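Dear colleague,

I am handing over the structure below, together with an account of what was found in it. Please read the notes with the model open beside them.

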Amino acid sequence: MIRHHLAGAAVSLALLLAMPAQAQTAAQPAQPDIPQSYLEAGRDVVILSGLAESFEAIYLEFRERVTQTVGTTRPEVRKDMEQVIEDLRPEAEKKRQEIIASAAYIFAKRMSEADLKEVAAFFRSPVGQRYNAMRPRAIDEIFALLQPWSLQTSNFLFDRFSEEMRKRGHKL
């Protein structure tokens, strides 16, 4: 499931990279001014919560997929491919910084500076660090439960829907 999330994020990143810079600027709505201190507090939340790490995973996933796909189908270009991928790292980092700034903006416009600082303080605290340390494993376990739960719940709801429709005289 995480791979699907990362793949979706990678596709989104690829689409963003493919868009001309002017189109990106034109498509973005005007953003109200938010004090720099709010943005910095929002950035702290994005980084300390581990959200920024997921943005780094996009480059790593891209590198893995390209290496696997192109490296397998075009082994004669492997050396150039590896160099180009490494050369793209600064551009990927620039894009990562852009999305971190955008995420910080979103947090800053939805939360007060005081709340953002409290959230950041939580992630700096020992319990917040323990939370971040165990979070990936907990999310993996939750995703493992999610697929069978989703199927069972969908089947249950459809059975209940059919039953209720029969009570109203409808045969499905």
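Rings of Phe, Tyr and Trp (its six-membered ring) are taken to pair if their centres lie within 6.5 Å, and planes under 30 degrees apart count as stacked, over 60 as edge-to-face and the rest as tilted. On that basis, F122, F123 and Y131 form one aromatic cluster, in a structure that holds five aromatic pairs.

Before the details, please note that this is a predicted model, in which local features need pLDDT of at least 70 and side-chain atom pairs count only at pLDDT 80 or more, while totals for chains, interfaces and linings use all residues. Residues are numbered from 1 along each chain as its sequence is written, and side-chain values use heavy atoms, with hydrogens and water left out.

Within the cluster, F122 and F123 make an edge-to-face pair, with 5.0 Å from centre to centre and 70 degrees between the planes. The rings of F122 and Y131 have their centres 6.1 Å apart and their planes at 55 degrees, so this pair is tilted. For exposure, buried means under 20% relative accessible area, exposed means over 50%, and partly exposed lies in between (1.4 Å probe, protein chains only). F123 counts as buried at 12% relative accessibility, whereas F122 is partly exposed at 33% and Y131 is partly exposed at 36%.

F122 and Y131 also belong, with V127 and M134, to a nonpolar surface patch of about 320 Å². Such patches are made of residues with over 30% relative accessible area and no salt bridge, where like charges are joined within 9 Å and nonpolar side chains (Val, Leu, Ile, Met, Phe, Trp, Tyr) within 5 Å; a salt bridge is a side-chain nitrogen of Lys or Arg within 4 Å of a carboxyl oxygen of Asp or Glu. The areas come from the Shrake-Rupley method with a 1.4 Å probe, and for residues only the protein chains shown count as cover. Helix α8 (residues 126-167) gives the most to the patch, with three residues, and M134, which lies in α8, is partly exposed at 32%.

As for the overall make-up, the protein has eight helices and zero strands, where helices (H or I, at least four residues) and strands (E, at least two) are DSSP runs numbered from the N terminus. Of its 172 residues, 20% count as buried.

Turning to the interior, a nonpolar core is a set of buried Ala, Val, Leu, Ile, Met, Phe, Trp, Tyr and Cys residues joined through side-chain atoms within 4.5 Å. The largest one has seven residues, namely I34, A41, V45, Y105, A108, L116 and A120, and α3 (36-48), α6 (89-110) and α7 (113-124) each supply at least two of them. A second, separate core of six residues includes A52, F55, A103 and A104.

Two of the helices can be described further. In α6, the buried residues are K95, R96, I100, A103, A104, Y105 and A108, and the end C-alpha atoms are 31 Å apart, which agrees with the 32 Å that its 22 residues should span at 1.5 Å a residue (the expected span being 1.5 Å times one less than the number of residues). Helix α4 (residues 51-73) contains R63, which is partly exposed at 32% relative accessibility, and the C-alpha atoms of R63 and E82, 19 residues apart along the chain, are separated by 8.7 Å. The buried residues of α4 include A52, F55 and Y59.

With kind regards
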